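Grab your viewer and work through the exercises below. Each one sets a task and then walks through a solution.

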Amino acid sequence: MKREVKSFVHVRSRTSKKDLEIFEKFKNKNFFDSKEVSHISKLLPEKKINILEIGFGDGNNLIEKAMANSNMNFYGIEVFKSGIASVLKQVQIHDLKNICLFYGDAKDFLVKIEKPFFDFIFILFPDPWPKKKHWKRRLIDQNFLNLIKQNLKEKGRLIVKTDWQDYADDIKKDFAEFKVLHDSNVLQSLKPIQTKYEGKAIEEGREVFTYITDLNA
Ligand SMILES: C[S@@+](CC[C@H](N)C(=O)[O-])C[C@H]1O[C@@H](n2cnc3c(N)ncnc32)[C@H](O)[C@@H]1O
């Protein structure tokens, strides 16, 4: 018998009028409900390099990287609607043509889309779920990494940053069979900016762990 897999993704239901307006404006152009997407390669004018950021939060990294790398396409998936709305506002202000956002759970999205499509997948400071009894809610585990692997092109790279020591230890174990780099300077223009959650970690004195690996090398 197939066991039911519970989703622990917190989906906020209240959306402000302004956010609804921006969703309406970009709906099915630069913004999609992930449930309605399968042919991701048709959504933006084709570029050689495709980047996905999972759980982009306020989206500052996604916007900055898209602005700095107009020769690449940037995709983001989030369950936090206000974050999506604030990125769409920036897309509007800067008239960005290389960003596409999805609302929904990254797991469902990665199962559904055509693959492999991405050259880089970023997961910056995934929710840590600090209590041990909640660790099963963490996004990154072996099953999720297999899914990421299917979605990365040959030599495609996964980049994970976390400030949570025991999460970092688990990720290290999951990556045991791969060559892992820790210096994000190798990413050159894609090196992530300091995100909101990285800022919090530094302020509170927590070490930040960076893992960069070619899952299909
Ligand atoms: C701790 S925040 C980090 C935000 C941002 N990356 C940063 O570093 O500031 C984690 C983000 O992941 C999003 N998230 C959690 N689970 C997700 C999932 N299954 N699919 C998509 N986004 C998810 C949350 O809504 C939240 O915005």
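Helices and strands here are DSSP runs, at least four residues (H or I) for a helix and at least two (E) for a strand, numbered from the N terminus. With that in hand, Pro 116 can be placed: it sits in the loop between α4 and β5 (118-124). One caveat before you start: the model is predicted.

**Exercise 1. Find the cis peptide bond and the backbone oddities.**

Step 1. Begin at Pro 116, which is joined to Lys 115 by a cis peptide bond with omega at about -5 degrees.

Step 2. Now look for positive phi. Asn 28 has a phi of about 60 degrees although it is not a glycine, and its place is the loop between α1 and β1. At 46% relative accessibility, Asn 28 is partly exposed.

Step 3. Lys 155 is not a glycine either, yet its phi is positive at about 65 degrees. This residue belongs to strand β6 (residues 152-162).

Step 4. Add Asp 95, which follows α3 and has a positive phi near 50 degrees.

**Exercise 2. Is Lys 155 buried or exposed, and what does it touch?**

Step 1. The cut-off for exposed is over 50% relative accessible area. Lys 155 comes in at 62%, so it counts as exposed.

Step 2. Skip the neighbours within four places in sequence, and Lys 155 is in contact with Asp 214 and Asn 216.

Step 3. For a longer-range check, take Asn 50: it is 105 residues away along the chain, and the two C-alpha atoms are separated by 13 Å.

**Exercise 3. Check the length of helix α3 and work out what it packs against.**

Step 1. The expected span is 1.5 Å times one less than the number of residues. For the 14 residues of α3 (residues 81-94) that gives 20 Å, and the end C-alpha atoms are 20 Å apart, so the two agree.

Step 2. List the buried residues of the helix: Gly 83, Ile 84, Ala 85, Val 87, Leu 88 and Val 91.

Step 3. Those buried residues pack against α1 (17-26), β1 (31-33), α2 (60-68), β3 and β4 (99-103).

Step 4. Now step over to Asn 30, in the loop between α1 and β1. Its contacts beyond four places in sequence include Leu 88 and Val 91.

Step 5. Asn 30 has a relative accessible area of 12%, so it is buried. A polar atom of its side chain lies 2.8 Å from the backbone oxygen of Ile 99.

**Exercise 4. Describe the ligand's surroundings.**

Step 1. Count the shell: 18 residues surround the ligand, with Gly 55, Glu 78, Ala 106, Leu 124 and Thr 195 the closest. By class, ten are nonpolar, four polar and four charged.

Step 2. Pick out polar pairs. A nitrogen atom of the ligand is 2.8 Å from a backbone N or O atom of Leu 124. A ligand oxygen lies 2.7 Å from a side-chain N or O atom of Thr 195, and a ligand oxygen is 3.2 Å from a polar backbone atom of Tyr 197.

Step 3. Look at the cover: the ligand has 600 Å² of accessible area on its own, and the protein covers 90% of that. The elements giving two or more residues to the shell are β3 (72-78) and α7 (196-203).

Step 4. Zoom in on Ala 106, found in helix α4 (residues 106-112). With a relative accessibility of 8%, Ala 106 counts as buried. Beyond four places in sequence, it is in contact with Ile 54, Ile 77 and Phe 144. Ile 54 is 52 residues away in sequence, while the C-alpha atoms are 6.6 Å apart.

Terms used: Residues numbered from 1 in each chain as written. Predicted model: local features only at pLDDT ≥ 70, side-chain atom pairs only at ≥ 80, totals over all residues. Heavy atoms only, no water. Buried < 20%, exposed > 50% of the residue type's maximum accessible area, 1.4 Å probe, protein only. Contact = heavy atoms within 4.5 Å. Near = heavy atom within 4 Å. Polar contact = N/O pair within 3.5 Å; in protein donor to acceptor, adjacent residues only side chain to side chain. Areas by Shrake-Rupley, 256 points an atom, 1.4 Å probe, with all protein chains shown as cover. Nonpolar A, V, L, I, M, F, W, Y, C, P; charged D, E, K, R; others polar.
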